[in-house]
Amino acid sequence: MQVYFSRYLTMEKECEIIEKESGIPLMDLITHFQVPQKDIYPCQQCKNSTVTVASISKLPLYLNILIKRIDVENNVKNSTLVEYPDVLNMYQVVDREKLFSFESETKEDDCKYELYAVNEHRGSVSDGHYVSYVKVEGDWYCFDEGSVFKDSKFKNHNSLILFY
């Protein structure tokens, strides 16, 4: 049983996601991750073109998603708002044929994850720091260096890692 799965999602310019006024929905980034991509890894021996397809065939108990905001090569931070839900339903993006082949009792509710923590990066690529928000008994708390306080307004353009 896989208990933990971590994946990073890019927000590159060639990504065919249309940014909505309020931001990019997280599910659009996840769906884009599964789009077939040509020639990412060409065959080393015959040099033929390849098509790479990523699919999710097994869901873990915990899901961590890193939103790749920092382009180290160009020293740029992408501050596009990513809209992420309190409850993430992965039912529409899993390979249901593989997922349900052994678990006939698995239902859509078994594909839902509840957000319990968010890590954000404040500042620029060269100068910034990390802040964490953690849900404790239904309330959200901000952990910022030496201080801890209640704060439920953490969904912003700085969100970096989502813990479900």
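# Exercises on a predicted model

The structure holds two aromatic pairs. Keep in mind that this is a predicted model. The exercises start with those rings and then move on to strands, charges and a loop.

## Exercise 1: the aromatic rings

Work out what geometry each aromatic pair has, and which residues end up in one aromatic cluster.

**Solution.**

Step 1. Start with the two aromatic pairs of the structure. Tyr 62 and Tyr 116 form one, with 6.3 Å centre to centre and 75° between the planes. Planes over 60 degrees apart count as edge-to-face, and that is the label for Tyr 62 and Tyr 116.

Step 2. Place these two rings in the chain. Tyr 62 sits in strand β5, while Tyr 116 is in the loop between β10 (112–114) and β11, so the pair links distant parts of the chain, 54 residues apart.

Step 3. Check how open they are. Tyr 62 has 40% relative accessibility, so it counts as partly exposed. Tyr 116, at 32%, is partly exposed as well.

Step 4. Now take the other pair. Tyr 116 and Phe 163 are 6.2 Å centre to centre with 50° between the planes, which makes the pair tilted. This one also links distant parts of the chain: Tyr 116 in the loop between β10 and β11, and Phe 163 in strand β15, 47 residues apart.

Step 5. Phe 163 has a relative accessible area of 21%. Buried would need a value under 20%, so Phe 163 is partly exposed.

Step 6. Put it together: Tyr 62, Tyr 116 and Phe 163 form one aromatic cluster.

## Exercise 2: a nonpolar patch

Find which residues make the nonpolar surface patch of about 280 Å².

**Solution.**

Step 1. Tyr 62 is a good place to begin: it lies in strand β5 and is partly exposed at 40% relative accessibility.

Step 2. Patch residues need over 30% relative accessible area. Tyr 62 has 40%, and Tyr 116 has 32%.

Step 3. Leu 61 completes the set, so the patch is made by Leu 61, Tyr 62 and Tyr 116.

## Exercise 3: the partners of β15

Name the strands that pair with β15, and find the bridge partners of Phe 163.

**Solution.**

Step 1. Strand β5 (residues 62–68) pairs with β15 in the antiparallel sense, over three bridges. Within this pairing, Asn 64 has Phe 163 as its bridge partner.

Step 2. Strand β11 (residues 117–123) runs antiparallel to β15 too, and four bridges join them. Here Ala 117 has Phe 163 as its bridge partner.

Step 3. Phe 163 is therefore a bridge partner of both Asn 64 and Ala 117, and its ring pairs with that of Tyr 116.

## Exercise 4: salt bridges, paired and networked

How many salt bridges are there? Trace the ones around Lys 135 and Arg 122.

**Solution.**

Step 1. The count comes to four salt bridges.

Step 2. One of them joins Lys 135 to Glu 114, with the closest N and O atoms 2.9 Å apart. The pair links distant parts of the chain: Lys 135 is in strand β12 (residues 128–136) and Glu 114 in strand β10, 21 residues apart. Lys 135 is partly exposed at 28% relative accessibility, and Glu 114 is partly exposed at 47%.

Step 3. Turn to Arg 122. Glu 120 forms a salt bridge with Arg 122, the closest N and O atoms being 2.5 Å apart. Glu 120 is buried, with a relative accessible area of 0%, whereas Arg 122 is partly exposed at 27%.

Step 4. Asp 144 meets Arg 122 in a salt bridge as well, at 3.3 Å from N to O. Asp 144 lies in strand β13 (residues 139–144) and Arg 122 in strand β11, so the pair ties together parts that are 22 residues apart in sequence.

Step 5. Asp 144 has 18% relative accessibility, so it counts as buried.

Step 6. Join the pieces: Glu 120, Arg 122 and Asp 144 are linked in a network of salt bridges.

## Exercise 5: a lysine in a loop

Find where Lys 155 sits and which residues it is in contact with, leaving aside neighbours within four places in sequence.

**Solution.**

Step 1. Lys 155 is in the loop between β14 (147–150) and β15 (159–163).

Step 2. Its relative accessible area is 39%, so Lys 155 is partly exposed.

Step 3. With those neighbours left aside, Lys 155 is in contact with Leu 81, Tyr 84, Pro 85, Asp 86 and Leu 115.

Step 4. For the backbone, look at Glu 83: the C-alpha atoms of Lys 155 and Glu 83 are separated by 7.6 Å, and the two residues are 72 residues apart along the chain.

Conventions
Residues numbered from 1 in each chain as written. Predicted model: local features only at pLDDT ≥ 70, side-chain atom pairs only at ≥ 80, totals over all residues. Heavy atoms only, no water. Helix = DSSP H or I, 4+ residues; strand = E, 2+ residues; numbered from the N terminus. Buried < 20%, exposed > 50% of the residue type's maximum accessible area, 1.4 Å probe, protein only. Contact = heavy atoms within 4.5 Å. Pairing = 2+ DSSP bridges. Patch = residues over 30% accessible without salt bridge, like charges linked within 9 Å, V, L, I, M, F, W, Y side chains within 5 Å. Areas by Shrake-Rupley, 256 points an atom, 1.4 Å probe, with all protein chains shown as cover. Salt bridge = Lys/Arg side-chain N within 4 Å of Asp/Glu carboxyl O. Phe/Tyr/Trp six-rings, centres within 6.5 Å; stacked < 30°, edge-to-face > 60°.
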